[in-house]
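The following paragraphs lead through one protein fold, going from its sheets to its helices and then to a few unusual backbone positions. Please keep the coordinates open while reading, so that each step can be checked against them.

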Amino acid sequence: MSAEVDRAADQRLLDATLAYVAKHPDSKLDGFRDAVANWGHDWTGIAPVHLTASDLLAEALALTKPATGEQELMDHYVRERASRYWEQSYTSADKAVGDDMLTYYGYTEIVGKRGPFISERVRAGIGVFGANVNYPAHRHAAEEIYVILAGSADFRLGEGAGPERRTAGDVINIPSMLTHGFRMTDEPLVIFYLWQGGDLREKSSFV
Ligand SMILES: [Fe+2]
């Protein structure tokens, strides 16, 4: 596995991500399209960091729906997974977050405040969660979109809301400060996410 910055891989993922957002048919993405298309100008190299989540990503490719934009985007991220900087927002100091989540979750960003393509406007990347992991209810000032690329989870959107199953291809819009959480089913979940507004590196508050 490469331990080097791979600018060409970054560019391939940026191009795939921009194209995916530009042509996605769901109107819930409309409010994000301008920010994504005009993300910024600057690139910075970020050396790869491996997490178990990147291995789960490769396994989850088999769960995508054939001949969809989601499968195509997943395929790009799977191919470039070894050159990605995989990270987590939480640590064991976050009491709401279980050990299972810390072991089997991670995300990698292609556009955002820290790069590799630097943006003050928008954040884009994918998140990976292992089977049966629970992401506890949390909220943040940023407005968020999730598109499920593979797998499924039971989402709670809003304080006290009951769980609703969402599967590959579903798009979820999370307004600023809406409490949200989700529990994976017996298969892993891969989401494409977009953030805008607020601090793009804001840490979520658990509620
Ligand atoms: Fe969120």
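In this predicted model, 5 strands make up an open sheet whose order is β8-β7-β10-β5-β12, and the pairing within it is antiparallel. The edges of this sheet are taken by β8 (164–167) and β12 (205–206), each of which has a single partner strand, so one side of each is left without a neighbour in the sheet. Starting from the β8 edge, β7 (residues 152–157) is joined to β8 by 4 bridges, the two strands running antiparallel, and within this pair Asp 154 of β7 has Arg 165 of β8 as its bridge partner. The hairpin of β7 and β8 has 6 residues between the strands, and in it Gly 158 takes a positive phi near 110°. With β10 (residues 180–184), β7 pairs over 5 bridges, again in the antiparallel sense, and here Ala 153 stands opposite Met 184 in β10. At the other edge, strand β5 (residues 134–139) and β12 run antiparallel and are joined by 2 bridges, with His 138 standing opposite Phe 206 in β12.

A further open sheet has 7 strands in the order β1-β3-β2-β4-β11-β6-β9, and its pairing is mixed. Its edges are β1 (42–43) and β9 (171–174), and since each of them has a single partner strand, one side of each is left without a neighbour in the sheet. A parallel pair in this sheet is that of β2 (residues 105–112) and β3 (residues 117–118), which are joined by 2 bridges, and in which Gly 112 of β2 stands opposite Ile 118 in β3. Helix α1 packs on this sheet, where it touches β1, β2, β3 and β4 (122–129), and the direction of the helix makes about 85° with that of β2.

The helix that packs on the sheet also has helical partners, and it is useful to take these in turn. Two packed helices are described by the angle between their axes and the distance between the axes. For α1 (residues 7–23) and α2 (residues 30–37), the axes come within 9 Å and cross at roughly 150°, and the two helices are therefore roughly antiparallel to each other; the threshold behind that description is an angle over 145 degrees. The crossing in which α1 passes α2 is left-handed. On the α1 side the contact is made by Leu 18, Val 21 and Ala 22, and on the α2 side by Phe 32, Arg 33, Val 36 and Ala 37. By residue type this contact divides into 6 nonpolar, no polar and 1 charged.

How are α1 and α4 placed with respect to each other, in angle and in the distance between their axes? They pack at an angle of about 165°, with their axes 10 Å apart, which makes α1 roughly antiparallel to α4. Here, too, α1 passes its partner α4 in a left-handed crossing. The residues that meet are Arg 12, Leu 13, Ala 16, Tyr 20 and Lys 23 in α1 and Gly 69, Leu 73, His 76 and Tyr 77 in α4, and they divide into 5 nonpolar, 2 polar and 2 charged.

Two backbone positions in loops deserve separate attention. Most residues other than glycine have a negative phi, and most peptide bonds are trans. Ala 67, although it is not a glycine, has a positive phi of about 55°, and its place is in the loop between α3 (52–60) and α4 (69–79). The peptide bond that joins Gly 115 and Pro 116 is cis, with an omega of about 10°, and Pro 116 lies in the loop between β2 and β3.

Finally, the protein as a whole can be considered. It has 5 helices and 12 strands, and its radius of gyration is 16 Å, close to the 17 Å that the globule rule gives for 207 residues, so the protein is as compact as a globular protein of that length. Taken along the principal axes, the C-alpha atoms of the protein fill a box of roughly 45 × 40 × 35 Å.

Conventions: Residues numbered from 1 in each chain as written. Predicted model: local features only at pLDDT ≥ 70, side-chain atom pairs only at ≥ 80, totals over all residues. Axes fitted to C-alpha atoms, helices over the stretch in contact; angles between N-to-C directions. Parallel < 35°, antiparallel > 145°, perpendicular 65-115°, else oblique. Left-handed = near helix turned anticlockwise from the far one by under 90°. Contact = placed C-beta atoms within 7 Å. Nonpolar A, V, L, I, M, F, W, Y, C, P; charged D, E, K, R; others polar. Pairing = 2+ DSSP bridges. Rg over C-alpha atoms; globule rule 2.2 N^0.38 Å.
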